[in-house]
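Visitor: Could we go through the aromatic rings of this structure, with the reasoning behind each label?
Guide: Gladly; here is the structure itself.

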Amino acid sequence: MGIKLVGILLCLFAPILAARPISYSGGSTIMAFSNTMQDSVYYHYSPSYRFSVGIEAVSDKYTAQEYAYWRSTYLLNRKNTQHSQRNIYLQAGISTQGLDHHFVGVHGDWETRRWFSGFGAKNVKTNTSDYSEKFLQLGVAPYLGEYGDLHTWLMLKSKKDSRLEGWSTYPVLKFFKGNLLLEVGYDREIEWDSHIMYRF
Amino acid sequence: MQPKLTLLIFILFAFGKSASAETKHTHDQHNHDTTATPSAAAATERYEGFVEDLKDSKVAVVEVIGMVCDFCARGIEKTFNKDEFVRKIDVDLANGRVLIAYSSDKLINREEISELILANGQNVTGIEIKKI
């Protein structure tokens with residue numbers, strides 16, 4: 001309950017989220033998302049560590065439409081310490097359907113090698129309706145792998161889509177090794193929530 | 001709404017304060033998670049293992065902050081490997097340290113190293129150059 005309250009409070013004051021939306025300078029990332037509302041494939045390029053531009057092809061299951069977003073992400077704030085990193089990102093996207101279909105959002109995370117927390121909120125305006133997505137994610141690494149090892153995270157994600165009723169809270173497993181990251185969550189109501197990412 | 005706003009400000013303040021305070025610690029003093037911070041002896045052993053097969057080289061020992069995630073440190077290896085003088089790299093997440101072995105004819109520019117680390121999103125706090 002406490003976790004949910006903090007998530008709601010953060011989302012009240014912040015209009016979104018996605019894992020590591022900016023790569024290193026000159027790096028490219030391709031990722032795919034799949035959940036009960038949509039499937040998408042997103043490619044982005046980072047001219048610098050503070051900024052990325054990309055395109056996301058979306059298959060919207062809710063409206064049975066297919067479209068794309070021209071997206072950009074800006075690193076608003078980063079704080080590095082010996083054992084932690086904190087980030088706040090701003091995101092925006094414009095649909096190929098026209099200027100009336102766009103989104104804005106904010107995404108934040110804080111992590112150490114052992115702990116992870118992240119939140120996000122996104123407001124989407126479409127030609128037919130407006131909606132919002134919010135989430136909070138907390139995680140712990142059961143072991144600390146060395147550089148190059150398989151890394152594992154046990155996470156709890158709480159998500160709210162204004163088109164659906166209530167918050168969904170469910171476990172998520174995250175794995176990464178080398179340039180590949182895989183994140184899979186499951187909830188009885190929203191079923192699978194998966195995310196795969198490759199950096200190059 | 002006022003109590004919610006107050007609570008949010010408190011959370012952000014507490015978070016920010018703890019994060020700022022962390023930068024004042026030296027590496028050896030900071031030991032909140034002992035499993036995340038090996039001993040100095042382990043770091044020395046790692047360095048010795050790194051230079052074991054090197055000769056006629058220079059090694060840059062780079063202290064880095066914010067390097068908490070393997071996936072996020074990938075760019076460091078990729079960036080430095082583009083330099084033809086670089087022989088090998090070791091990314092030590094636990095100690096926040098990057099070892100870069102250059103051939104001996106490389107003129108090492110500390111500022112360049114700092115900029116390349118920054119381009120990956122982390123910060124350099126110290127660089128020591130050692131000749132092998």
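The conversation below turns to aromatic pairs and to charges over rings in what is a predicted model.

Visitor: How many aromatic pairs does the structure hold?
Guide: Over all chains there are seven aromatic pairs.

Visitor: Why is the pair of A:Tyr43 and A:Phe200 called tilted?
Guide: The centres of A:Tyr43 and A:Phe200 lie 6.4 Å apart, with 35° between the planes; because a pair needs centres within 6.5 Å, and because planes under 30 degrees apart count as stacked and over 60 as edge-to-face, this pair is tilted.

Visitor: What parts of chain A does that pair tie together?
Guide: A:Tyr43 belongs to strand 2 (residues 38-48) and A:Phe200 to the segment after strand 12 (191-199), so the pair links parts that are 157 residues apart in sequence.

Visitor: Why do A:Tyr43 and A:Phe200 count as partly exposed?
Guide: Buried means under 20% relative accessible area and exposed over 50%, so A:Tyr43 at 31% is partly exposed, and so is A:Phe200 at 43%.

Visitor: What makes the pair of A:Tyr186 and A:Trp192 tilted?
Guide: With 4.7 Å centre to centre, A:Tyr186 and A:Trp192 have 55° between the planes, an angle that is neither under 30 nor over 60 degrees, and the pair is therefore tilted.

Visitor: Which charged end sits over the ring of A:Tyr62?
Guide: That of A:Arg163 does, at 4.8 Å from the ring centre, which satisfies the distance cut-off because the charge must be within 6 Å.

Note on methods: Residues numbered from 1 in each chain as written. Chains lettered and ligands numbered in written order. Predicted model: local features only at pLDDT ≥ 70, side-chain atom pairs only at ≥ 80, totals over all residues. Heavy atoms only, no water. Phe/Tyr/Trp six-rings, centres within 6.5 Å; stacked < 30°, edge-to-face > 60°. Helix = DSSP H or I, 4+ residues; strand = E, 2+ residues; numbered from the N terminus. Buried < 20%, exposed > 50% of the residue type's maximum accessible area, 1.4 Å probe, protein only. Lys NZ or Arg CZ within 6 Å of the ring centre and 35° of its normal.
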